[in-house]
Amino acid sequence: MCTALALCASNTCLFGRNLDLDAGFGQQVVVTPRKFSFEFRGGLVNADHEALIGMATVINGYPLYAEATNESGLSAAGLNFPGNAVYHPRKEGATNVAPFEFIPYVLTQCQNLAQVRELLGSLSVLDEPFAPQVPNSPLHWMIADKSGALVVESMADGLHWFENPLQVLTNNPPFDFHLENVKLYLNVSPSWPGNSFAPDVDLAPVGVGFGGRGLPGDSSPASRFVKAAFERSATLALSDQVSVSQFFRILESVAMVKGDTLNQAGQPEFTVYSSCCDTSDGTYYYTTYGNHQITAVRLPEDLEVDSLFEFPLVEGEQFNFVN
Ligand SMILES: C[C@H](CCC(=O)NCCS(=O)(=O)O)[C@H]1CC[C@H]2[C@@H]3[C@H](O)C[C@@H]4C[C@H](O)CC[C@]4(C)[C@H]3C[C@H](O)[C@]12C
């Protein structure tokens, strides 16, 4: 399971995610420079585009991104969508994009959500794997810039895309379910509650947090969606400034602790990494399950080159001994 989040305020714009899985997938921070040649399955070859930064595994010299951001601050993340994601045979007259190239295609063709909306009008997600031994993953995507966020779902009946005012995404069921489901939690509030229970009796809350009773705390996708959307909205209500630290705090509130969530195979799912890209300057911050220290990767100075920059993850805990 995963949770993606976009958070913009007056000072900056942040995009990132938790990646929850029972193992890593060979991920590292990867910068794709401007002259890297993408040979897309739809036929387009593009070796002159904006640079990308994000988390990817590199196979045969190709960056398979889980999420990334381009130099204009447009970002996209892929999240599991099993049982609902359906990819399609090549469609005449459509822009056919394979799922593994969805992120680089969108981020090299578009600079903002207005251009993404236009692109989605003709896009079809093509059922072609990266390689026979690297099958397609069932994904849906969140795409965001400073103006908002979209969700894209390729299903049996074609491509669906939605405006996403809550600017979070998790997993199943489809996105329209989550938009309805949050309506069940409109009573939840960050505030210290008054006594609407028996106003004629002298009753007061015994501590903080009672405005939030009913907010889910489990790891299911619907619960993480509600919790992350609430935390995001509460953050923005408190201040018109956002920070990388606060962003990681929100992600931590929906993170998985090893042992609390077993998958169908009986394996513990855990938050393999959490990421936060400052989309205003392309700095990519991350923590891993075993390393709470925030590691940061900046965009290299010379992006007018054609080979990938790969930054292996710093995985061990960094204790700051003070005596
Ligand atoms: C599994 C990851 C999503 C995390 C998640 O949602 N977990 C499952 C929870 S749940 O039970 O469905 O609720 C997804 C997100 C991005 C995916 C990767 C990216 O799409 C890039 C490539 C794409 C290739 O086709 C497959 C390997 C791969 C490297 C993918 C492996 C895996 O499917 C990733 C890492």
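How many of the six residues of β16 are buried? In this predicted model, the count is five, so the strand is mostly covered. The rest of this section looks at what surrounds β16, starting with the sheet.

β16 belongs to an open sheet of six strands, laid out in the order β14-β1-β2-β15-β16-β17 with antiparallel pairing. At the two edges sit β14 (168–169) and β17, each of which pairs on one side only. At the β14 end, the link to β1 is made by two bridges, with the two strands running antiparallel; here L5 faces V168 of β14. Helix α4 packs on the sheet as well, where it touches β1 and β14, and its direction makes about 15° with that of β1. Helix α5 also packs on the sheet, touching β1, β2, β15, β16 and β17, and its direction makes about 150° with that of β15.

Back to β16 and its two partners. With β15, the pairing is antiparallel and runs over six bridges, one of the matched pairs being S274 and T287, the latter in β16. The two strands make a hairpin with four residues between them, and in that turn G282 has a positive phi of about 75°. With β17, the pairing is again antiparallel, this time over four bridges. T288 stands across from N291 of β17, and the hairpin that joins β16 to β17 passes through two residues. In general, strands of a sheet pair through backbone hydrogen bonds, in either a parallel or an antiparallel way.

What does α5 bring to the picture? This helix spans residues 244–252, and its buried residues are F247, F248, I250 and L251. These four cover an arc of only 155° around the axis, which is why they end up on the same side of α5. S245 and R249, by contrast, are exposed on the other side of the helix. The buried residues of α5 pack against a string of elements: β1 (2–8), β2 (13–21), α4 (221–238), β15 (270–278), β16 (283–288) and β17 (291–297). β16, then, has α5 packed against it and is paired with β15 and with β17.

The largest nonpolar core holds 76 residues, and the members that touch the most others are A76, V106, M142 and I143. As for secondary structure elements, β1 gives the most to this core, with six residues. Taking I143 as an example, and leaving aside neighbours within four places in sequence, the contacts are A76, V106, L113, V116, A149, L150 and V152. Two of the residues named for the core, A76 and V106, thus turn up among the contacts of I143.

L203 offers a contrast with the buried residues described above. This leucine is found in the loop between α3 (175–181) and α4. L203 counts as exposed because just 11 C-beta neighbours lie inside 10 Å, and the cut-off for exposed is 12 or fewer. Not counting residues up to four places away in sequence, L203 still touches N195, F197 and A198.

On the annotation side, an unreviewed UniProt entry lists residues 2–301 as "domain: Choloylglycine hydrolase/NAAA C-terminal". In the model, the end C-alpha atoms of this span lie 31 Å apart, and the span is 17% helix and 33% strand.

Definitions and conventions
Residues numbered from 1 in each chain as written. Predicted model: local features only at pLDDT ≥ 70, side-chain atom pairs only at ≥ 80, totals over all residues. Buried ≥ 20, exposed ≤ 12 C-beta atoms within 10 Å, placed from the backbone. Arc of directions from axis to C-beta. Contact = placed C-beta atoms within 7 Å. Pairing = 2+ DSSP bridges. Core = buried A, V, L, I, M, F, W, Y, C linked by C-beta atoms within 7 Å. UniProt positions renumbered as here; feature names shortened; annotations may be inferred. Axes fitted to C-alpha atoms, helices over the stretch in contact; angles between N-to-C directions.
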